[in-house]
Amino acid sequence: MHKPIKNKFIKKKMILLALESSAESSSVAIWQDSKLLSYQITEAKFGHAERIITQVHKALKQAKLDLDEIDYFVGGRGPGSFTGIRTCLATITGFSIATGKEYYGVNGLSALGFSCYNKLTNDGEYNDKIVIFAITDTRRGSYYCQEFNQEINVQKDIEDLSLEHLQIKVNYLIKSGYIVKIYGPFAKISDIFNGNTGNASKVQYFMEKLNAVHIANYAAWQLQDKGQCSLATPLYLAPAIIK
(Lines give C-alpha, C1' and ligand atoms only; values in the text may rest on other atoms or scores of the structure.)
Protein backbone atom coordinates (compact mmCIF):
# COMPACT_ATOMS: atom_id res chain seq x y z
CA MET A 1 0.00 0.00 0.00
CA HIS A 2 1.10 3.55 -0.72
CA LYS A 3 2.54 5.05 2.49
CA PRO A 4 1.56 8.74 2.83
CA ILE A 5 3.79 11.35 4.39
CA LYS A 6 2.55 12.23 7.86
CA ASN A 7 0.67 15.52 7.71
CA LYS A 8 1.23 17.32 11.01
CA PHE A 9 -0.95 20.26 9.88
CA ILE A 10 -4.23 18.31 10.07
CA LYS A 11 -6.11 18.16 13.39
CA LYS A 12 -9.79 18.15 12.49
CA LYS A 13 -11.39 14.71 12.41
CA MET A 14 -12.75 13.93 8.96
CA ILE A 15 -13.12 11.13 6.45
CA LEU A 16 -12.37 12.02 2.83
CA LEU A 17 -12.79 10.02 -0.34
CA ALA A 18 -10.40 11.33 -3.00
CA LEU A 19 -10.25 10.58 -6.72
CA GLU A 20 -7.58 11.38 -9.29
CA SER A 21 -7.70 10.49 -13.01
CA SER A 22 -6.14 13.45 -14.83
CA ALA A 23 -3.20 11.50 -16.28
CA GLU A 24 -2.31 7.91 -17.19
CA SER A 25 -3.79 6.28 -14.09
CA SER A 26 -6.96 6.34 -12.02
CA SER A 27 -6.77 6.16 -8.24
CA VAL A 28 -8.97 6.30 -5.16
CA ALA A 29 -7.90 7.04 -1.58
CA ILE A 30 -9.88 7.08 1.65
CA TRP A 31 -8.31 9.24 4.31
CA GLN A 32 -9.26 9.63 7.97
CA ASP A 33 -7.53 11.81 10.57
CA SER A 34 -4.20 11.94 8.68
CA LYS A 35 -4.26 8.18 8.07
CA LEU A 36 -4.69 6.35 4.77
CA LEU A 37 -7.44 3.75 5.22
CA SER A 38 -7.43 2.36 1.69
CA TYR A 39 -5.91 2.98 -1.71
CA GLN A 40 -6.68 1.71 -5.22
CA ILE A 41 -4.74 2.56 -8.37
CA THR A 42 -4.77 1.31 -11.95
CA GLU A 43 -2.09 2.34 -14.45
CA ALA A 44 -3.70 2.75 -17.88
CA LYS A 45 -4.02 5.53 -20.43
CA PHE A 46 -7.69 4.89 -21.14
CA GLY A 47 -10.82 3.53 -19.47
CA HIS A 48 -10.92 5.74 -16.38
CA ALA A 49 -14.70 6.23 -16.62
CA GLU A 50 -15.34 2.49 -16.91
CA ARG A 51 -13.38 1.48 -13.81
CA ILE A 52 -13.50 4.41 -11.37
CA ILE A 53 -16.75 3.31 -9.65
CA THR A 54 -15.41 -0.23 -9.22
CA GLN A 55 -12.25 1.21 -7.67
CA VAL A 56 -14.37 3.26 -5.25
CA HIS A 57 -16.33 0.17 -4.18
CA LYS A 58 -13.08 -1.74 -3.59
CA ALA A 59 -11.62 1.14 -1.57
CA LEU A 60 -14.76 1.39 0.59
CA LYS A 61 -14.72 -2.35 1.21
CA GLN A 62 -11.03 -2.23 2.12
CA ALA A 63 -11.68 0.64 4.57
CA LYS A 64 -14.80 -1.12 5.94
CA LEU A 65 -16.92 1.97 5.31
CA ASP A 66 -20.20 2.80 3.59
CA LEU A 67 -20.46 5.71 1.16
CA ASP A 68 -22.67 7.73 3.52
CA GLU A 69 -19.92 7.63 6.18
CA ILE A 70 -17.69 9.83 4.01
CA ASP A 71 -17.59 13.47 5.16
CA TYR A 72 -16.10 15.03 2.00
CA PHE A 73 -15.60 14.00 -1.60
CA VAL A 74 -12.58 15.55 -3.34
CA GLY A 75 -11.19 15.15 -6.83
CA GLY A 76 -8.26 16.27 -8.93
CA ARG A 77 -9.36 19.14 -11.17
CA GLY A 78 -6.25 19.20 -13.38
CA PRO A 79 -4.24 20.26 -15.19
CA GLY A 80 -4.34 17.11 -17.29
CA SER A 81 -6.49 15.03 -19.61
CA PHE A 82 -9.87 16.58 -20.45
CA THR A 83 -11.67 13.23 -20.26
CA GLY A 84 -9.89 12.17 -17.09
CA ILE A 85 -10.68 15.42 -15.29
CA ARG A 86 -14.35 15.27 -16.31
CA THR A 87 -14.60 11.66 -15.14
CA CYS A 88 -13.16 12.48 -11.73
CA LEU A 89 -15.27 15.58 -11.06
CA ALA A 90 -18.50 14.08 -12.41
CA THR A 91 -18.06 11.10 -10.08
CA ILE A 92 -17.59 13.14 -6.90
CA THR A 93 -20.49 15.38 -7.93
CA GLY A 94 -22.71 12.30 -8.20
CA PHE A 95 -21.57 11.04 -4.80
CA SER A 96 -22.32 14.45 -3.29
CA ILE A 97 -25.84 14.45 -4.72
CA ALA A 98 -26.46 10.90 -3.48
CA THR A 99 -25.22 11.52 0.07
CA GLY A 100 -25.78 15.24 0.63
CA LYS A 101 -22.10 15.68 1.58
CA GLU A 102 -19.79 18.45 0.36
CA TYR A 103 -17.43 18.04 -2.58
CA TYR A 104 -14.38 19.99 -3.75
CA GLY A 105 -11.72 20.08 -6.44
CA VAL A 106 -7.94 20.15 -5.98
CA ASN A 107 -5.27 21.59 -8.26
CA GLY A 108 -2.95 18.63 -8.88
CA LEU A 109 0.19 20.77 -8.95
CA SER A 110 -0.70 22.33 -5.60
CA ALA A 111 -1.17 18.81 -4.21
CA LEU A 112 2.27 17.78 -5.48
CA GLY A 113 3.88 20.97 -4.17
CA PHE A 114 2.32 20.45 -0.76
CA SER A 115 3.51 16.85 -0.65
CA CYS A 116 7.08 18.00 -1.30
CA TYR A 117 6.80 20.77 1.32
CA ASN A 118 5.37 18.31 3.83
CA LYS A 119 8.22 15.85 3.23
CA LEU A 120 10.90 18.53 3.60
CA THR A 121 9.26 19.92 6.75
CA ASN A 122 8.91 16.50 8.38
CA ASP A 123 12.57 15.78 7.60
CA GLY A 124 13.64 19.15 9.05
CA GLU A 125 15.09 20.23 5.69
CA TYR A 126 12.81 23.12 4.74
CA ASN A 127 14.07 26.73 4.88
CA ASP A 128 13.36 30.06 3.17
CA LYS A 129 16.06 29.50 0.53
CA ILE A 130 14.22 26.54 -0.95
CA VAL A 131 11.92 26.92 -3.96
CA ILE A 132 9.60 24.06 -4.88
CA PHE A 133 8.59 23.44 -8.49
CA ALA A 134 5.60 21.14 -9.02
CA ILE A 135 5.75 20.01 -12.64
CA THR A 136 3.81 17.82 -15.04
CA ASP A 137 4.39 17.07 -18.72
CA THR A 138 1.80 18.70 -20.99
CA ARG A 139 2.57 16.08 -23.69
CA ARG A 140 2.81 19.02 -26.09
CA GLY A 141 6.58 19.52 -25.81
CA SER A 142 6.37 21.64 -22.64
CA TYR A 143 5.76 21.47 -18.88
CA TYR A 144 3.09 22.87 -16.60
CA CYS A 145 4.95 24.37 -13.66
CA GLN A 146 3.80 25.95 -10.40
CA GLU A 147 6.31 27.59 -8.06
CA PHE A 148 6.07 27.59 -4.26
CA ASN A 149 8.40 29.52 -1.97
CA GLN A 150 8.69 30.69 1.66
CA GLU A 151 5.47 28.90 2.65
CA ILE A 152 3.38 26.46 0.66
CA ASN A 153 0.47 28.92 0.50
CA VAL A 154 2.69 31.48 -1.28
CA GLN A 155 2.47 30.26 -4.84
CA LYS A 156 2.56 31.64 -8.34
CA ASP A 157 0.22 31.00 -11.25
CA ILE A 158 0.67 27.85 -13.30
CA GLU A 159 3.02 28.42 -16.22
CA ASP A 160 3.30 26.49 -19.48
CA LEU A 161 7.08 26.38 -20.02
CA SER A 162 9.19 24.98 -22.81
CA LEU A 163 12.22 22.98 -21.71
CA GLU A 164 14.43 25.97 -22.56
CA HIS A 165 12.39 28.35 -20.41
CA LEU A 166 12.31 25.83 -17.58
CA GLN A 167 16.12 25.62 -17.71
CA ILE A 168 16.37 29.42 -17.66
CA LYS A 169 14.02 29.68 -14.68
CA VAL A 170 15.84 27.03 -12.65
CA ASN A 171 19.30 28.44 -13.43
CA TYR A 172 18.18 31.98 -12.53
CA LEU A 173 16.98 30.82 -9.11
CA ILE A 174 20.23 28.93 -8.49
CA LYS A 175 22.31 31.99 -9.39
CA SER A 176 20.15 34.01 -6.99
CA GLY A 177 21.14 31.71 -4.14
CA TYR A 178 18.16 29.36 -3.99
CA ILE A 179 17.99 25.58 -3.86
CA VAL A 180 15.36 24.15 -6.21
CA LYS A 181 13.27 21.07 -5.41
CA ILE A 182 11.47 19.71 -8.48
CA TYR A 183 8.52 17.39 -7.83
CA GLY A 184 6.72 15.44 -10.54
CA PRO A 185 7.03 12.81 -13.29
CA PHE A 186 9.60 13.26 -16.06
CA ALA A 187 10.51 11.53 -19.30
CA LYS A 188 14.16 12.69 -19.36
CA ILE A 189 15.19 14.37 -16.15
CA SER A 190 18.68 14.98 -17.50
CA ASP A 191 17.18 17.40 -20.02
CA ILE A 192 16.67 20.01 -17.29
CA PHE A 193 20.36 20.87 -17.40
CA ASN A 194 21.17 19.50 -20.82
CA GLY A 195 24.15 17.57 -19.50
CA ASN A 196 25.43 20.31 -17.19
CA THR A 197 26.00 18.67 -13.78
CA GLY A 198 27.63 21.73 -12.19
CA ASN A 199 24.39 22.67 -10.43
CA ALA A 200 23.57 19.16 -9.26
CA SER A 201 23.96 20.07 -5.58
CA LYS A 202 21.51 22.95 -5.96
CA VAL A 203 18.68 20.89 -7.45
CA GLN A 204 16.87 17.85 -6.10
CA TYR A 205 14.37 15.77 -8.06
CA PHE A 206 11.46 13.86 -6.61
CA MET A 207 10.08 11.42 -9.21
CA GLU A 208 6.43 11.40 -8.21
CA LYS A 209 3.24 10.75 -10.16
CA LEU A 210 0.13 12.52 -8.94
CA ASN A 211 -2.41 10.21 -7.32
CA ALA A 212 -5.44 10.31 -5.03
CA VAL A 213 -3.30 10.21 -1.88
CA HIS A 214 -1.76 13.59 -2.82
CA ILE A 215 -5.27 14.94 -3.49
CA ALA A 216 -6.61 13.70 -0.13
CA ASN A 217 -3.61 15.01 1.82
CA TYR A 218 -3.83 18.50 0.33
CA ALA A 219 -7.63 18.67 0.63
CA ALA A 220 -7.51 17.64 4.29
CA TRP A 221 -5.00 20.41 5.00
CA GLN A 222 -7.13 22.98 3.16
CA LEU A 223 -10.27 21.94 5.02
CA GLN A 224 -8.43 22.14 8.33
CA ASP A 225 -6.81 25.50 7.54
CA LYS A 226 -9.60 27.28 5.67
CA GLY A 227 -12.70 25.16 6.13
CA GLN A 228 -13.02 24.64 2.38
CA CYS A 229 -11.19 23.86 -0.86
CA SER A 230 -11.62 25.04 -4.43
CA LEU A 231 -14.82 24.41 -6.32
CA ALA A 232 -14.96 21.17 -8.27
CA THR A 233 -14.51 22.92 -11.62
CA PRO A 234 -12.08 21.70 -14.31
CA LEU A 235 -8.70 23.41 -14.45
CA TYR A 236 -8.25 23.51 -18.23
CA LEU A 237 -5.14 25.39 -19.34
CA ALA A 238 -5.19 24.56 -23.04
CA PRO A 239 -7.89 23.88 -25.64
CA ALA A 240 -8.80 20.27 -26.32
CA ILE A 241 -7.15 18.56 -29.30
CA ILE A 242 -9.84 17.29 -31.66
CA LYS A 243 -8.84 14.10 -33.51
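**View 1. Asp160 and Arg140 joined by a salt bridge.** In this predicted model, a salt bridge brings together the side chains of Asp160 and Arg140, with a nitrogen-to-oxygen distance of 3.0 Å. Because Asp160 belongs to strand β9 (residues 159-162) while Arg140 sits in the loop between β6 (130-137) and β7 (142-149), the pair ties together parts of the chain that are 20 residues apart in sequence. Asp160 counts as partly exposed, since its relative accessibility is 39%, and Arg140 likewise counts as partly exposed at 39%.

**View 2. Lys169, Glu147 and the network around them.** The side chains of Lys169 and Glu147 meet in a salt bridge, with N and O 3.5 Å apart. Lys169 is a residue of helix α4 (residues 163-175) and Glu147 is a residue of strand β7, so this salt bridge ties together parts that lie 22 residues apart in sequence. Both Lys169 and Glu147 are buried. The two residues also belong, with Glu159, to a linked network of salt bridges.

**View 3. The salt bridge between Asp123 and Lys119.** The structure holds 5 salt bridges, one of which is formed by Asp123 with Lys119, where the closest N and O atoms are 3.5 Å apart. Asp123 has a relative accessibility of 44% and therefore counts as partly exposed. Lys119, at 30% relative accessibility, also counts as partly exposed.

**View 4. Leu120 and its surroundings.** Leu120 is found in helix α3 (residues 108-122), and it counts as buried because its relative accessibility is 1%, where the limit for buried is under 20%. When residues up to four places away in sequence are not counted, Leu120 touches Glu125, Tyr126, Ile130, Ile132, Lys181 and Phe206. One of these contacts is Ile130, which is 10 residues away from Leu120 along the chain, with 9.8 Å between the C-alpha atoms of the two residues.

**View 5. Strand β10 between its pairing partners β6 and β11.** Of the 6 residues of strand β10 (residues 179-184), 5 are buried, so the strand is largely enclosed by the rest of the structure. Strand β10 pairs with β6 in the parallel sense over 5 bridges, and within this pairing Phe133 has Ile182 of β10 as its bridge partner. Strand β10 is also joined to strand β11 (residues 203-207), again through 5 bridges and with the strands running parallel. Here Ile182 has Tyr205 of β11 as its bridge partner. A reader following individual residues along the strands may keep in mind that in a regular strand the side chains alternate between the two faces of the sheet.

**View 6. The open sheet of five strands and helix α1.** An open sheet is made of 5 strands in the order β3-β2-β1-β4-β5, and its pairing is mixed. Strands β3 (35-43) and β5 (102-106) are the edge strands, each of them pairing on one side only. On average, neighbouring strands of this sheet are turned by 15° against each other when direction is ignored. Strand β4 (residues 72-76) pairs with β5 in the parallel sense over 5 bridges, and Gly75 has Gly105 of β5 as its bridge partner. Helix α1 (residues 48-63) packs on the sheet, where it touches β1 (15-20), β2 (25-32) and β3, and the direction of the helix makes about 25° with that of β2.

**View 7. The nonpolar cores and the contacts of Val74.** The largest nonpolar core comprises 36 residues, and those with the most contacts inside it are Leu16, Trp31, Val74, Ile132, Ile215 and Leu223. Helix α5 (residues 212-226) supplies the largest share of this core, namely 9 residues. A second core, separate from the largest one, has 19 residues, including Leu17, Ile70, Cys88 and Phe95. With neighbours within four places in sequence left aside, Val74 is in contact with Leu16, Leu17, Ala18, Leu19, Ile92, Tyr104, Ile215 and Ala219.

**View 8. Two buried cysteines in a structure without disulfides.** The structure holds 0 disulfides. Cys145 counts as buried because its relative accessible area is 0%. Cys229 is buried as well, with a relative accessible area of 11%.

Notes: Residues are numbered from 1 along each chain as its sequence is written. This is a predicted model: local features need pLDDT of at least 70, side-chain atom pairs count only at pLDDT 80 or more; totals for chains, interfaces and linings use all residues. Side-chain values use heavy atoms; hydrogens and water are left out. A nonpolar core is a set of buried Ala, Val, Leu, Ile, Met, Phe, Trp, Tyr and Cys residues joined through side-chain atoms within 4.5 Å. Buried means under 20% relative accessible area, exposed over 50%, partly exposed in between (1.4 Å probe, protein chains only). Helices (H or I, at least four residues) and strands (E, at least two) are DSSP runs, numbered from the N terminus. Contact means heavy atoms within 4.5 Å. A salt bridge is a side-chain nitrogen of Lys or Arg within 4 Å of a carboxyl oxygen of Asp or Glu. Two strands pair if DSSP finds at least two bridges between them. Axes are lines fitted to C-alpha atoms, for helices over the stretch in contact, and angles run from 0 to 180 degrees between N-to-C directions. A disulfide is a pair of cysteine sulfur atoms within 2.5 Å.
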